[in-house]
Structures are given as structure tokens and as C-alpha cells.
Amino acid sequence: QVQLVESGGGLVQPGGSLRLSCAASGSIFSIRAMGWYRQAPGKRRELVATITSAGSTNYADSVKGRFAISRDNAKNTVSLQMNSLKPEDTAVYLCKMSLVLAGDYWGQGTQVTVSS
């Protein structure tokens with residue numbers, strides 16, 4: 001049993017910042033990668049940022065220079081610092097964990113709304 005718990009979502013004005021956090025618990029033996037995805041109304045789920053257990057990162061072009069992903073392998077947590085937020089960043093943000101020789105696990109998602 002693996003569980004992901006997300007926090008940090010909310011309402012913010014354009015240009016503002018939010019920090020999302022995700023904590024994993026349960027039968028975790030070997031993490032391949034963790035990441036953040038988002039899904040807006042009428043759009044398909046898209047990758048925002050990922051980070052491997054070794055620390056290598058990958059970002060969507062739309063968030064490069066504005067978002068930063070970080071992780072603490074010892075605590076099985078991953079965070080997403082979001083700066084200079086835009087209305088088009090509005091979406092449900094979901095945390096994902098990929099385990100070696102196992103499937104993917106997803107959090108329930110947290111709503112981020114960027115609006116005046």
C-alpha cells in the first residue's frame with residue numbers, strides 16, 4: 001500500500017507564488033522518479049516537472065525558469081516551487097511516484113487557481 005499526500009494548492013493572483021508538497025508513505029523500496037503533472041478543464045494531463053532519485057530534473061517548456069522541483073529521498077517527499085504564476089497555470093496538479101520494477105502511484109491532486 002502506497003499513499004501520496006499533496007498540499008499547498010490554492011488561489012493566487014497572476015505573478016504570485018505557491019509551493020506544492022507531496023509526501024509518500026507505505027511500501028516504498030526503490031523510487032525511480034517523482035514528478036508533478038497538471039490537468040486543466042478541456043485539456044489532457046501534461047507533465048510539469050520530474051526528478052529522479054539521483055536528482056536529474058526535467059521541465060515542460062511552459063514552466064522553465066518559473067518552476068523548480070526538488071526532492072528529499074530520505075523523507076520520500078517532492079516539492080514544486082511555482083513563481084511568476086500565470087492564468088494558464090490554473091489546473092489540478094497531481095503528484096506521481098514511479099517505483100523500480102513497479103507501477104506508478106498518483107496523488108488525488110490539488111487545485112491551483114491563478115486569477116485576479
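Which residue stands opposite Tyr 93 in strand 9? In this predicted model, the residue opposite Tyr 93 is Arg 38. The report starts from this pair and then follows strand 9 to its partners, its disulfide and the loops around it.

**Arg 38 and its surroundings**

Arg 38 belongs to strand 4. With a relative accessible area of 6%, Arg 38 falls under the 20% limit and is therefore buried. Its side chain makes a polar contact with the side chain of Tyr 93 at 2.9 Å, and another with the side chain of Glu 46 at 2.7 Å. Arg 38 thus faces Tyr 93 across the strands and also has a side-chain polar contact with that residue.

Residues up to four places away in sequence aside, Arg 38 touches Arg 44, Arg 45, Glu 46, Val 48, Ser 62, Val 63, Phe 67, Glu 88, Asp 89, Ala 91, Val 92 and Tyr 93. Arg 44, one of these residues, is located in the loop between strand 4 and strand 5 (46-52). Arg 44 has a relative accessible area of 78%, over the 50% limit, and so counts as exposed. Beyond its neighbours within four places in sequence, Arg 44 is in contact with Arg 38 and Gln 39.

Arg 45 also appears among the residues that Arg 38 touches. The charged end of Arg 45 sits over the ring of Trp 106, at 4.5 Å from the ring centre. As for pairs between aromatic rings, a search of the whole structure finds one.

**Asp 89 and its contacts**

Asp 89 is in contact with Arg 38 as well. Asp 89 is placed in the loop between strand 8 (77-82) and strand 9. Is this loop residue, Asp 89, buried or exposed? Its relative accessibility is 0%, so Asp 89 counts as buried.

The side chain of Asp 89 is joined to that of Arg 66 by a polar contact of 2.8 Å. When neighbours within four places in sequence are left aside, the contacts of Asp 89 are Arg 38, Arg 66, Phe 67, Ser 84, Val 112 and Val 114. Phe 67 is likewise among the residues touched by Arg 38.

The side-chain polar contacts described above are collected here.

| Side chain | Partner side chain | Polar contact |
|---|---|---|
| Arg 38 | Glu 46 | 2.7 Å |
| Asp 89 | Arg 66 | 2.8 Å |
| Arg 38 | Tyr 93 | 2.9 Å |

**Strand 9 and its partners**

Strand 9 is mostly covered, with eight of its nine residues buried. Strand 4 (residues 31-39) and strand 9 run antiparallel and are joined by eight bridges. Strand 9 and strand 11 (residues 110-114) are also antiparallel, with three bridges between them. One bridge partnership there is that of Ala 91 with Val 112 in strand 11. Ala 91 is among the residues touched by Arg 38, while Val 112 is among the contacts of Asp 89.

Strand 9 pairs with strand 10 as well, in the antiparallel sense and over three bridges. Here Ser 98 has Asp 104 in strand 10 as its bridge partner.

**The disulfide**

How many disulfides does a search of the whole structure find? The search finds one, formed by Cys 22 and Cys 95 with their sulfur atoms 2.1 Å apart. Cys 22 lies in strand 3 (residues 18-26) and Cys 95 in strand 9 (residues 91-99), so the bond ties together parts that are 73 residues apart in sequence. The torsion about the S-S bond is about -85°, and the disulfide is therefore left-handed. Both Cys 22 and Cys 95 are buried.

**Loop residues with positive phi**

Most residues other than glycine have a negative phi. Leu 101 is not a glycine, yet its phi is positive, at about 60°. This residue is in the loop between strand 9 and strand 10 (104-106). These two strands form a hairpin with four residues between them, and Leu 101 takes its positive phi in that hairpin. At 88% relative accessibility, Leu 101 counts as exposed.

Asn 76 is another residue other than glycine with a positive phi, near 55°. Asn 76 is found in the loop between strand 7 (67-72) and strand 8.

Terms used
Residues are numbered from 1 along each chain as its sequence is written. This is a predicted model: local features need pLDDT of at least 70, side-chain atom pairs count only at pLDDT 80 or more; totals for chains, interfaces and linings use all residues. Side-chain values use heavy atoms; hydrogens and water are left out. A disulfide is a pair of cysteine sulfur atoms within 2.5 Å. Buried means under 20% relative accessible area, exposed over 50%, partly exposed in between (1.4 Å probe, protein chains only). A polar contact is a pair of N or O atoms within 3.5 Å; within protein, one must be able to donate a hydrogen and the other to accept it, and residues adjacent in sequence count only if both atoms are side-chain atoms. Contact means heavy atoms within 4.5 Å. Two strands pair if DSSP finds at least two bridges between them. Rings of Phe, Tyr and Trp (its six-membered ring) pair if their centres lie within 6.5 Å; planes under 30 degrees apart count as stacked, over 60 as edge-to-face and the rest as tilted. A charge sits over a ring if NZ of Lys or CZ of Arg is within 6 Å of the ring centre and within 35 degrees of the ring normal.
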